[in-house]
Amino acid sequence: MAKPRLVQNAPFGGKEISSGFLSSGWYYANQTLLLGILLAIIGNILISISLNLQKWSHLRLMRQANQKPFYRSKLWWCGIILMGTGEMGNFAAYGFASIMVIAPLGNVAVIGGTVTIAGIFLLVTFAPSVTQELTTRKIQNDLVSWQFLIYVVVAVITFCILLYFHKRRKVNHIVVLLTMVALLASLNVISVKAVATMIALSVRSNMQLTYPVFYIMLILMVLTCVFQVKFLNQAMKLYSEAEVIPMNYVFFTISAVVAGAIFYQEFQDASLLSGFMFLFGCFLSFVGVFIITRKRGKECLTSFYIDYGHIPGKKMRSKIQPDSNNLSYGSLCYEGDSVKAQS
């Protein structure tokens, strides 16, 4: 067996690192990254299906004469279960790759589009590589860093202002709802990344679950996830998925990238070219998502048809109620056609 060649002033006690070692290390790192990307893609596809199922359940409930709460719908619960499964895939993905790689992959929920695919390629290729190993001690230090504390204060104040307008002033604009979701998501990705990493380190015989910061992050992860689902569900109930999905993707990606850059310093060692190409990939992904969804027609208002026969002074001369099995039943989608039919 050939002895390792000694090199003066070489690292690791004067032993030159063989190219085979570097190749195996490079292969392991890229294999781990690809596993995280695959888990994120599968998870986001399941989340996309779940959002559509929830929207479908809301539309079905609105067409019923005796409406019941959405949480009593089996279809809505199927969507919630799929969303939970997808989020578990994202949770595992954060243990294998950085936030910069995983967060923008949410655009796979909108399948297709050359621009979107080009954006994904640039995101994965030029995402900043995090060389510093994440440990529990580092997470503790980052929690009390001045840049993160400033970010948390600004995020909490902004969230409270939006929540006041939403609850007290009944402002249900899509931007208000999805901004609250994004602010929660920024704290959620930080906690998910921390919890997933500490669990992965514990599995590798380096126990991290005895530190209090693990349970702090776990509680933060659960709370932010629950309220994210709450506000996102309200947005899906009031607006179409063609509006909610692309806007939520853009808001979520921006908040996740900013949170990762502040808390985990994921842009710290990135070159100017890599940073520019990564941001350009984000921009292409945003454009691709909006191109794909812009041709989807806006959903009709959920106001019910009016039976003119029950209004004094009005005589119903034709049937204006559509077939109950028709998808347009219970809305004013074809009100113009109905009026024309009467005249």
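This is a chat about the predicted model shown above.

Visitor: How many helices and strands does the chain have?

Guide: The predicted model has eleven helices and zero strands. Along the sequence the pattern reads α-α-α-α-α-α-α-α-α-α-α.

Visitor: And what share of the residues count as buried?

Guide: Of the 343 residues in the chain, 40% count as buried. The accessible surface comes to about 19900 Å², and 66% of that surface belongs to carbon and sulfur atoms.

Visitor: What about contacts between residues 24 or more positions apart? What percentage do they account for?

Guide: They account for 77% of the contacts in the chain that have a separation of 6 or more.

Visitor: Which two residues can you give me as a case of that, far apart in sequence?

Guide: Take Phe278 and Val101, which are 177 residues apart in sequence. Their C-alpha atoms are 9.5 Å apart in space; that is a C-alpha distance, and I am not calling the pair a contact.

Visitor: Where does Phe278 lie, and is it buried or exposed?

Guide: Phe278 lies in helix α10, residues 272–293. Its relative accessible area is 0%, so Phe278 is buried.

Visitor: Switching to pockets. What is the volume of the second largest one?

Guide: The second largest pocket has a volume of about 730 Å³. Its lining has 31 residues, and the closest to the centre are Ile47, Glu87, Asn90, Asn188 and Gln228.

Visitor: Which elements give two or more residues to that lining?

Guide: They are α1 (19–62), α2 (74–94), α7 (174–203), α8 (212–238) and α9 (241–263). Helix α2 gives the most, with eight residues.

Visitor: How do the lining residues divide into nonpolar, polar and charged?

Guide: The lining of the second largest pocket has 22 nonpolar residues, eight polar and one charged.

Visitor: Back to Asn188. Which helix is it found in, and what does its side chain reach?

Guide: Asn188 is found in α7. Its side chain reaches the backbone oxygen of Met221 at 3.2 Å.

Visitor: Which residues is Asn188 in contact with, leaving aside neighbours within four places?

Guide: Asn188 is in contact with Met221, Thr224, Cys225 and Gln228. Gln228 also appears with Asn188 among the residues closest to the centre of the second largest pocket.

Visitor: Why does Asn188 count as buried?

Guide: Because its relative accessibility is 9%, and the cut-off for buried is under 20%.

Visitor: Now the loops. Where is Ser73?

Guide: Ser73 is in the loop between α1 and α2. With a relative accessible area of 9%, Ser73 is buried.

Visitor: What does Ser73 touch, not counting residues up to four places away?

Guide: Ser73 touches Ser57 and Leu61. In addition, a polar atom of the Ser73 side chain lies 3.4 Å from the backbone nitrogen of Leu75.

Visitor: And Lys170, which loop is that in?

Guide: Lys170 lies in the loop between α6 (146–167) and α7.

Visitor: What is phi of Lys170?

Guide: Phi of Lys170 is near 60°, a positive value in a residue other than glycine.

Visitor: Is Lys170 buried or exposed?

Guide: Lys170 is exposed, with a relative accessible area of 62%. Ser73, the other loop residue we discussed, is buried at 9%.

Technical notes
Residues are numbered from 1 along each chain as its sequence is written. This is a predicted model: local features need pLDDT of at least 70, side-chain atom pairs count only at pLDDT 80 or more; totals for chains, interfaces and linings use all residues. Side-chain values use heavy atoms; hydrogens and water are left out. Helices (H or I, at least four residues) and strands (E, at least two) are DSSP runs, numbered from the N terminus. Buried means under 20% relative accessible area, exposed over 50%, partly exposed in between (1.4 Å probe, protein chains only). Contact means heavy atoms within 4.5 Å. Accessible areas come from the Shrake-Rupley method with a 1.4 Å probe; for residues, only the protein chains shown count as cover. On a 1 Å grid over the protein atoms alone, a cavity is a set of points where a 1.4 Å probe fits but cannot get out, and a pocket is an open set with protein on both sides within 12 Å along at least five of seven lines; lining residues have an atom within 4 Å of a point. Grid points are joined across faces, edges and corners, and a volume is the space filled by probe spheres set on the points. Ala, Val, Leu, Ile, Met, Phe, Trp, Tyr, Cys and Pro count as nonpolar, Asp, Glu, Lys and Arg as charged, and the others, Gly among them, as polar. A polar contact is a pair of N or O atoms within 3.5 Å; within protein, one must be able to donate a hydrogen and the other to accept it, and residues adjacent in sequence count only if both atoms are side-chain atoms.
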